[in-house]
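Dear colleague,

I am handing over the structure below, and I would be grateful if you could look it over alongside the notes that follow it.

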Amino acid sequence: MVVHAYILIQTDIGKAADVAKAIADVTGVSLAEDVTGPYDVIVRAEAANVDELGRLVVAKVQNIPGITRTLTCPVVHI
């Protein structure tokens, strides 16, 4: 089973493109794009389970310079 999530990211002013490029290189990230709106970057990530997804977000994504806030939205199939 693979767990998917979208991570909505706010960045420091002018850092969205740099953050998106850095996140795109993280293992487990399948898409990272800088966008306009209330969030600056949208990421699609996947992991083997929820615990691994949490480690991906906390240890790898949130440590990238320029990120000020993240919101992780797990994908749920009903």
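Two strands are taken to pair here if DSSP finds at least two bridges between them, and the description of the sheet rests on that criterion. Please keep in mind throughout that this is a predicted model.

**The sheet**

Four strands form an open sheet in the order β2-β3-β1-β4, and their pairing is antiparallel. The edges are taken by β2, covering residues 29–34, and by β4, covering residues 67–74, each of which pairs on one side only. With direction ignored, neighbouring strands of this sheet are turned against each other by 20 degrees on average.

Going through the pairs in turn, β2 and β3 run antiparallel and are joined by five bridges, and within this pair V29 has A45 of β3 as its bridge partner. Between β1 and β3 there are seven bridges, again in the antiparallel sense, with I9 matched to V41 in β3. Seven bridges also join β1 to β4, and these two strands run antiparallel; here Q10 stands opposite R69 in β4. As general background, strands of a sheet pair through backbone hydrogen bonds, either parallel or antiparallel.

**The helices**

Helix α1, residues 16–24, packs on the sheet and touches β1, β2, β3 and β4, while its direction makes about 175 degrees with that of β2. Helix α2, residues 50–61, lies across β1, β3 and β4, and runs at about 20 degrees to β1.

**T11, in strand β1**

T11 belongs to strand β1, which spans residues 3–11. Is T11 buried or exposed? Its relative accessibility is 10%, and because buried means under 20% relative accessible area, T11 counts as buried. Leaving aside neighbours within four places in sequence, the residues in contact with T11 are A16, V19, D40, V41, G66, I67 and T68. Among these contacts of T11, V41 is also the residue that serves as bridge partner of I9.

**K60 and T27**

K60 lies in helix α2, whereas T27 is found in the loop between α1 and β2. K60 has a relative accessible area of 43% and is therefore partly exposed, while T27, at 64% relative accessibility, counts as exposed. Not counting residues up to four places away in sequence, K60 touches V26, T27 and R55, and on the same basis T27 touches L56 and K60.

Two C-alpha separations may be useful if you wish to check the coordinates. The C-alpha atoms of K60 and V43 are separated by 13 Å, with the two residues 17 apart along the chain. For T27 and A45, which are 18 residues apart along the chain, the C-alpha atoms are separated by 8.8 Å; A45 is the residue of β3 already named as the bridge partner of V29.

**A nonpolar patch**

Which residues make the nonpolar surface patch of about 200 Å²? The patch is made by Y6, V35 and I42. Of these, I42 lies in strand β3, residues 41–47, and, with a relative accessibility of 31%, I42 counts as partly exposed. Since patches are made of residues with over 30% relative accessible area, the 31% of I42 satisfies that part of the criterion.

With kind regards

Notes. Residues numbered from 1 in each chain as written. Predicted model: local features only at pLDDT ≥ 70, side-chain atom pairs only at ≥ 80, totals over all residues. Heavy atoms only, no water. Patch = residues over 30% accessible without salt bridge, like charges linked within 9 Å, V, L, I, M, F, W, Y side chains within 5 Å. Areas by Shrake-Rupley, 256 points an atom, 1.4 Å probe, with all protein chains shown as cover. Salt bridge = Lys/Arg side-chain N within 4 Å of Asp/Glu carboxyl O. Buried < 20%, exposed > 50% of the residue type's maximum accessible area, 1.4 Å probe, protein only. Contact = heavy atoms within 4.5 Å. Axes fitted to C-alpha atoms, helices over the stretch in contact; angles between N-to-C directions.
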